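Reader: I'm new to reading structures and would love a slow, close look at one spot rather than a tour of everything. Which residue would you pick, and what lies around it?

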2 protein chains.
Amino acid sequence: MRLFWAKGYHATSLKDLEAALNMRPGSIYAAFSSKEALYLAALQRYFERSRDDLRARLEEAPSPVAALAGLLRATAGVVEDEAATAACMIVKTLLDTTAAEPEIADRSRGYLDAMRDEFAAAFERAQAQGEIAPDADAMRLARRFQSQLNALRIEAHRGTPRAELDALADDMARGFEDLRAATISAASA
Amino acid sequence: MRLFWAKGYHATSLKDLEAALNMRPGSIYAAFSSKEALYLAALQRYFERSRDDLRARLEEAPSPVAALAGLLRATAGVVEDEAATAACMIVKTLLDTTAAEPEIADRSRGYLDAMRDEFAAAFERAQAQGEIAPDADAMRLARRFQSQLNALRIEAHRGTPRAELDALADDMARGFEDLRAATISAASA
DNA sequence: AGAGCTATTGAGTGATCGCTCAAGAGCCAT
DNA sequence: ATGGCTCTTGAGCGATCACTCAATAGCTCT
């Protein structure tokens, strides 16, 4: 997963995979049936981990918006030793996939949609418990949140220094925390 | 350029380039000296067009912030027949480039930096002419703007429907137009 | 027309691609 | 120990990769 994540589908050869998995080609093809299937398995694992990490954050944080804002700020903090795995693997996959691999592209879109739905559900919970205004469009907020998160991680991949990354994450996080403030001020008005 | 943009560096073969350029391998290697050099030439052309388009918008628009907000909204409107060229070629390049092609990665970063500096200069002009608060950090605003623009274009690449894309662009554009409102309200306060 | 030059051609280079499969290793029950 | 089963091995498959170069075509001079 990490190898595919770092190098991408096309740039990763079976030689690379043999070394990373410590398996010979025959074993690889016995366990998985093709390079594409192996990639799809890696992508699925990546998605499940991302989703589970998000859910864990939502459970532990005091509120949905706090969890999401925290995720943005934490993402800036993950200055990986390998910057190649700073960007989201699903986004990398989507941008790298052409018409030659429609299955991979479709799955990528599906995973992104699933993550967006998780975000949307979180915003709906924030509305239900009065953290943000009830008349907002949760799906629209989710799309905005996901876009910002993807952009932040691309910025990290690019090599933007930690301080600037923190500032950017803070700008983004505030954008969502302000929804809370707006609700409060509207309620108190 | 369009072929590399759509398919990416690794997935584009010389066969593809021969067809797209209507040139035989010998001619391609006489004109450019390698696939990598050809890619770099395409990337440079892409950058120059992007930069020139931005400058034209900044000249024509009534103000810097109006130009930048307009760029975001216009980007949502570019629902290409080919969604493969919706995302920024430089971003795609950066995410697709590995340690095997350091020259391409370096150039990508350089172009992104150059675009960010253009954005920063625009925000500085907005400050100079009183459109936004003079104490803001223009470079920080530029980084935020560039991140949002990249994210919006990825969203377009992903296939998000036009209406949702417009809503997202509007959210983003407002984020910058609000800098103006804050200045005005502060001035009028 | 013909010499001199540049630009183009496309068959072919070795290397590497994703992938296969006959042969052998490892393991367990008898 | 031996037969039977699963799993692993790695040489090697055809295809394709980026790339080369001797031969040719096309052009501009006199």
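Author: Let's begin with a word you'll need: two residues are in contact, or touch, when they have heavy atoms within 4.5 Å of each other. This is a predicted model, in which local features need pLDDT of at least 70 and side-chain atom pairs pLDDT 80 or more, while totals for chains, interfaces and linings use all residues. Residues are numbered from 1 along each chain as its sequence is written, chains are lettered from A and ligands numbered from 1 in the order written, and side-chain values use heavy atoms, without hydrogens and water.

My pick is K92(A). You'll find K92(A) in helix α6 of chain A, which covers residues 89-96 (helices are DSSP runs of H or I with at least four residues, strands are runs of E with at least two, and both are numbered from the N terminus). Is K92(A) buried or exposed? K92(A) counts as buried, because its relative accessibility is 7% (buried is under 20%, exposed over 50%, partly exposed in between, with a 1.4 Å probe and protein chains only).

Now look at what surrounds K92(A). Leaving out residues up to four places away in sequence, K92(A) touches W5(A), A6(A), A84(A), A87(A) and H157(A), and also L95(B) from chain B. As a contrast, try finding D137(A), which is 45 residues from K92(A) along the chain. The C-alpha atoms of K92(A) and D137(A) are separated by 28 Å.

That touch with L95(B) leads us to the other chain. How many residues of chain B are in contact with chain A? There are 33, and they meet 33 residues of chain A. Between the two chains, about 3100 Å² of area is buried, and carbon and sulfur atoms give 58% of it (buried area is the accessible area, with a 1.4 Å probe, that two parts lose on being put together, summed over both). On the chain B side, L95(B), the neighbour of K92(A), is one of the three residues that lose the most area to chain A. The other two are R140(B) and R158(B), and the three together give 25% of what that side buries.

Step back to the whole of chain A for a moment. Its secondary structure consists of nine helices and zero strands, so you can trace α after α along the sequence with nothing else in the pattern. The C-alpha trace of chain A spans about 70 × 30 × 30 Å along its principal axes. Of the 189 residues in chain A, 50% are buried, and K92(A) is one of the buried ones. Among contacts in chain A with a separation of 6 or more, 68% join residues 24 or more positions apart.

To finish, compare K92(A) with a residue in a loop. N22(A) lies between α2 (14-21) and α3 (25-31) of chain A, and it counts as exposed because its relative accessibility is 57%. Its phi is near 55°, a positive value in a residue other than glycine. Chain B offers N22(B), in the loop between α2 (14-21) and α3 (25-31) of that chain. N22(B) has a positive phi of about 50°, though it is not a glycine, and with a relative accessible area of 57% it is exposed. Chain B also has a glycine with positive phi: G130(B), near 75°, follows α7(B).
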